[in-house]
Amino acid sequence: MSASPPVHDATAAARSRSWLVSGLAVLTLLALPTCGVMVDETEFVIVERLGQIVQVYDQSADRGLHFKLPWPVETTRRFDRRLQLAAPQGREVFTRDRKNIVVEAYIGWKIAESTGEVALQDRPVLRFFRSLGSTDVATQRLGSRLQSIVTTQIGQLDLADLLSASTSEAGPGDGNGPLAQLSARVRTELQQRPEEPRPLLDQWGLEVVDVRIRRLNLPAGNQQAVFERMKSERQKIAERYRSAGLAESRMIRSQADRQAGELLARAKSDAEKIRGEGEAAALRILNDAHSRDPEFAELLQSLEAAKQALGENTTLVLSASSQFLKLLTEGPPAAAAPKDARP
Amino acid sequence: MTRLPFLCGLILAGWLASGTYVVPANEKAVVRRFGRMLPGTRPSGLHWDLPWPLSRVDRVNVTAARTLLLSEESVVSPDRLPDVLESRPAFLTGDKNLLHVRIAVQYRLAEAELADYLFRQSEPEQRLRLLVESAAAELVGQSGVDFAQTSGLAILNNRLLADVRERVAAERLGLDIDQVTIDGVEPPLRVKADFLDVSNARADMAKMISDARTLGEQAISVARADARQTRDQAEQERQSRVTAAGGTADRFIKLVQQMHADARRGPLPYEASRRLALGRYRADAVRQILSRIRAKLVVDDAAPIDLVLPRTRTP
């Protein structure tokens, strides 16, 4: 009897010890996974110990496996460190010259990364956590901030400053256009407005990477007027093309006509010159020949002339006393001796 | 009780085996172990890494050409009202016209910058879309409508490609831009006819000018031929005149020479032989003339004559 209680005690103790061990083992098994913190490439992680922030993993060197006290002593909060896009709906705004246009812009933003030695409480991701808390809230806040900045910025510009083509054939100039400049100004304002004491990075812990105007448009109500204007512009341009074509073709025709006329006139004058030369040459040849007996030549020529002049339809009226008839009726007269002759 | 360790071991082995993964031939894998990216990529084949959730594997196709299309309702369905169609967004050109622009972007993932593509941004494709859209808006906003639509389209395309490439590189999207093409620039439906009319007018102008050129060239070549003909004719006349004169002169000289020769040799002096010759010629001429002439009148010197009657009688 005396031995049995210790035995009983020993077995009871052993049994309770084994329960304790297995309980501890289960607890350890359960708690062990919560001791590890995996910091993903896409995340920043904050470790809280009972509400107090004890560790912030927000640098590129922090990615990978870390350790902490098991849950529920230390808990983690994860934040997406990737670039987020906010593209709010287009809104109608007025330019300085009271023209209304629809401007659509987008923001690319992310929670800022800290570099080097920064005190735990100054980490941007903590600022983000405290001021905004979540990506959705941030997107919303940034969107409305963007809208108000765009409205003020556009209000300082004339529509002509934004749309800079002087003619319908003008192309983009080199370097940044007015929209890119506007985007740059909006970005500066978005990071820190002049009246704000601290930049957005210090307020909300986020960094605006990219702000751009992605669309300028006219409000639906104005489109009818725009179409009318486009129509009349097109008609004017078509008219201009047609009349330019007409003028050009007329000019080409008249030029060609002038050239042709010149060619013909020059040819005619050349022809006259050639004919003159021929006449002169013939004259010289005949004169040379006829100078041997000018009188004989003259007589021969008048005979030829008479032969040619008196054609078929000529009515020859001969006087009864003419030489010709006399020759027929009376025989040859005394020969009229030529006055002079040259050999 | 003996089964428990066995069961635990089996589960453990199964869990470890689940770390096996296959990378297909056209893909590369990026491994994050405990969240941290391992350097380099895994080629295609069978691999093993720590099982989930300790490691994560992202398989990406780095060689495939991807296409991003920026267009607003490229399909125009006939059963929709034009009002609905016009409500689609358009780009505002620098001279306050509206144009619908279709842009296609061909791109690939940059293998060297896979981390940028996978882990730097939440929506890389959406970001690329916004980026291209803003670059296009900036360029179109500086261009006139005719420049954007026709004359400067190639220039705009090149500028857009350069801008997009530069921005994608600067913003580290992890993408390689192969090509950016402006597929189509179209005026809104309601003014399309008027735009068409302008291009017709442009064609009309070109046609008028080319017609005028053709006609002008024709006129000039005709004139050139005429001029040639005129000159040739004159040349011919000159030739024939000179030749004829030469002939006449030759004949005359021969006659005169013959008569002189006769005078030297024969009994007749030069004048006498010339008279004889002339007489012959004259008689010859008279014969020729009289034989040719149909109407001949012989009138007395003393009697008055009426010349009208015989003329009317001769047909």
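Helices (H or I, at least four residues) and strands (E, at least two) are DSSP runs, numbered from the N terminus. With that rule, A:Gly311 falls in the loop between helix H8 (294-309) and strand S10 (315-319) of chain A.

This is a predicted model, where local features need pLDDT of at least 70, side-chain atom pairs count only at pLDDT 80 or more, and totals for chains, interfaces and linings use all residues. Residues are numbered from 1 along each chain as its sequence is written, chains are lettered from A and ligands numbered from 1 in the order in which they are written, and side-chain values use heavy atoms, with hydrogens and water left out.

## Confidence

The model scores ipTM 0.70 and pTM 0.70. pLDDT is the predictor's confidence in each residue, from 0 to 100. Chain A averages 84 on this scale, and 91% of its residues score at least 70. Chain B also averages a pLDDT of 84, with 89% of the residues at 70 or above.

Each chain has a stretch under 50. The table lists them, with contacts (heavy atoms within 4.5 Å) beyond four places in sequence.

| Stretch | pLDDT | Contacts beyond four places |
|---|---|---|
| Chain A, residues 335-343 | under 50 | 23 contacts |
| Chain B, residues 73-87 | under 50 | 13 contacts |

Among the elements of chain B, helix H2 (residues 82-86) has the lowest mean pLDDT, 40. Strand S1 (residues 20-23) of chain B has the highest, 92.

## Chain A in outline

Chain A holds nine helices and ten strands. Of its 343 residues, 38% are buried. Buried means under 20% relative accessible area, exposed over 50%, and partly exposed in between (1.4 Å probe, protein chains only). Accessible areas come from the Shrake-Rupley method with a 1.4 Å probe; for residues, only the protein chains shown count as cover. The accessible surface of chain A is about 19,300 Å², and carbon and sulfur atoms supply 55% of it. Among contacts in chain A between residues at least 6 apart in sequence, 71% join residues at least 24 apart.

## The nonpolar cores

A nonpolar core is a set of buried Ala, Val, Leu, Ile, Met, Phe, Trp, Tyr and Cys residues joined through side-chain atoms within 4.5 Å. The largest one has 90 residues, and A:Leu206 and B:Leu128 touch the most other members. Helix H4 (residues 124-141) of chain B gives the largest share of this core, nine residues. A second, separate core of twelve residues includes A:Ala289, B:Met259, B:Tyr270 and B:Leu278. Beyond four places in sequence, A:Leu206 touches ten residues' worth of neighbours listed here in part, including A:Trp109, A:Phe128, A:Leu142 and A:Leu200.

## Three residues of chain A

A:Gln84 sits in strand S6 (residues 84-86) of chain A. A:Gln84 is buried, with a relative accessible area of 11%. Its side chain makes a polar contact of 3.4 Å with the side chain of A:Asp80. A polar contact is a pair of N or O atoms within 3.5 Å; within protein, one must be able to donate a hydrogen and the other to accept it, and residues adjacent in sequence count only if both atoms are side-chain atoms. The side chain of A:Gln84 also reaches the backbone oxygen of A:Arg82 at 3.3 Å. Leaving aside neighbours within four places, the contacts of A:Gln84 include A:Trp109, A:Thr135 and B:Ser122.

A:Ala260 lies in helix H7 (residues 223-290) of chain A. A:Ala260 is buried at 9% relative accessible area. Beyond four places in sequence, A:Ala260 touches B:Ala219, B:Ile220 and B:Ala223.

A:Gly311, the loop residue, is partly exposed at 22%. Beyond four places in sequence, A:Gly311 touches B:Arg292 and B:Ile293.

## Strands of chain B

Two strands pair if DSSP finds at least two bridges between them. Strand S8 (residues 98-109) of chain B is mostly covered, with nine of its twelve residues buried. Strand S6 (residues 66-70) of chain B runs antiparallel to S8(B), joined by five bridges. S8(B) and strand S9 (residues 175-186) of chain B pair antiparallel over ten bridges. There B:Tyr107 stands opposite B:Ile177.S7(B) and S8(B) form a hairpin with five residues between them, and B:Lys96 in the turn has a positive phi of about 60°.

Elsewhere in chain B, three strands form an open antiparallel sheet in the order S3-S2-S5. Its edge strands are S3 (36-37) and S5 (55-60), each paired on one side only.
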